[in-house]
Amino acid sequence: MEIVNPCFSVVSNFEVMECLKNIKDTKKKYGLRNLATITYETLQFLEESPCKHQNRETILAFINDMQPYKLTTNECLMMVNDPPSSALHIQLLIEDSEERLTEEQVAKIIEIAKTHFPGPPQESN
């Protein structure tokens, strides 16, 4: 197998959602019959995920706050796509988290995630 393009980049769910919204809003036809269906169904999924309440600034701020923990790019991306809410959640997202992070660091990561990705706005009655 030959690697055609060794340059690649990972994208967050937020970036995928932005791209699909642009495709949906474009009147230009791409010649793909199922593109509209795939775009619609993927957007439906992403609109129910945490990325609906994210923006570029909060994602960048979160990634900057994660730098002291020496996490991999993929681990940070997974936490952006699925912000951790418990120590168990962090164990699922970060490889060997028990050895790499202290309990205080885990608690701080959860706090940072809640600060940057609080979820949907609370409705007041």
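**Exercise 1. Describe the lining of the largest pocket by residue class, and then place the pocket in the structure.**

Solution. Step one is the class count: the lining of the largest pocket has nine nonpolar, three polar and two charged residues, where Ala, Val, Leu, Ile, Met, Phe, Trp, Tyr, Cys and Pro count as nonpolar, Asp, Glu, Lys and Arg as charged, and the others, Gly among them, as polar. The model is a predicted one, in which local features need pLDDT of at least 70 and side-chain atom pairs count only at pLDDT 80 or more, while totals for chains, interfaces and linings use all residues. Residues are numbered from 1 along each chain as its sequence is written, and side-chain values use heavy atoms, with hydrogens and water left out.

Step two is the volume, and about 300 Å³ of space lies in this pocket. A pocket here is an open set of points on a 1 Å grid over the protein atoms alone, where a 1.4 Å probe fits, with protein on both sides within 12 Å along at least five of seven lines; lining residues have an atom within 4 Å of a point. The volume is the space filled by probe spheres set on the points, which are joined across faces, edges and corners.

Step three is the location: of the 14 lining residues, Ser 12, Glu 15, Ile 59, Ile 63 and Leu 77 are the closest to the centre of the largest pocket. Helix H1 (13-25), H3 and H4 are the elements that give two or more residues to its lining; helices are DSSP runs (H or I, at least four residues) numbered from the N terminus.

**Exercise 2. Find which residues have the most contacts inside the largest nonpolar core, and follow Phe 62 outward from there.**

Solution. The largest nonpolar core, a set of buried Ala, Val, Leu, Ile, Met, Phe, Trp, Tyr and Cys residues joined through side-chain atoms within 4.5 Å, has 24 residues, and those with the most contacts inside it are Phe 62, Met 66 and Met 79. Helix H7 (103-116) is among the elements that give two or more residues to this core, and H7 gives the most, with five residues.

Leaving aside neighbours within four places in sequence, Phe 62 is in contact (heavy atoms within 4.5 Å) with residues including Cys 76, Met 79, Ile 112 and Phe 117. A search of the whole structure finds one aromatic pair, for which ring centres must lie within 6.5 Å, with planes under 30 degrees apart counted as stacked, over 60 as edge-to-face and the rest as tilted. The rings of Phe 62 and Phe 117 have their centres 4.9 Å apart and their planes at 50 degrees, so the pair is tilted. Phe 62 in helix H3 and Phe 117 in the segment after H7 are 55 residues apart, and the pair thus links distant parts of the chain.

**Exercise 3. Compare the exposure of Ser 97, Gln 91 and Lys 70.**

Solution. Ser 97, in helix H6, is buried at a relative accessible area of 4%, where buried means under 20%, exposed over 50% and partly exposed in between (1.4 Å probe, protein chains only). Gln 91, in helix H5, counts as partly exposed at 40%, and Gln 91 touches Ser 97 and Glu 98 when residues up to four places away in sequence are not counted. Lys 70, in the loop between helix H3 (56-66) and helix H4 (73-81), is exposed at 69%, and Lys 70 has a positive phi of about 50 degrees although it is not a glycine.

Methods
Phe/Tyr/Trp six-rings, centres within 6.5 Å; stacked < 30°, edge-to-face > 60°.
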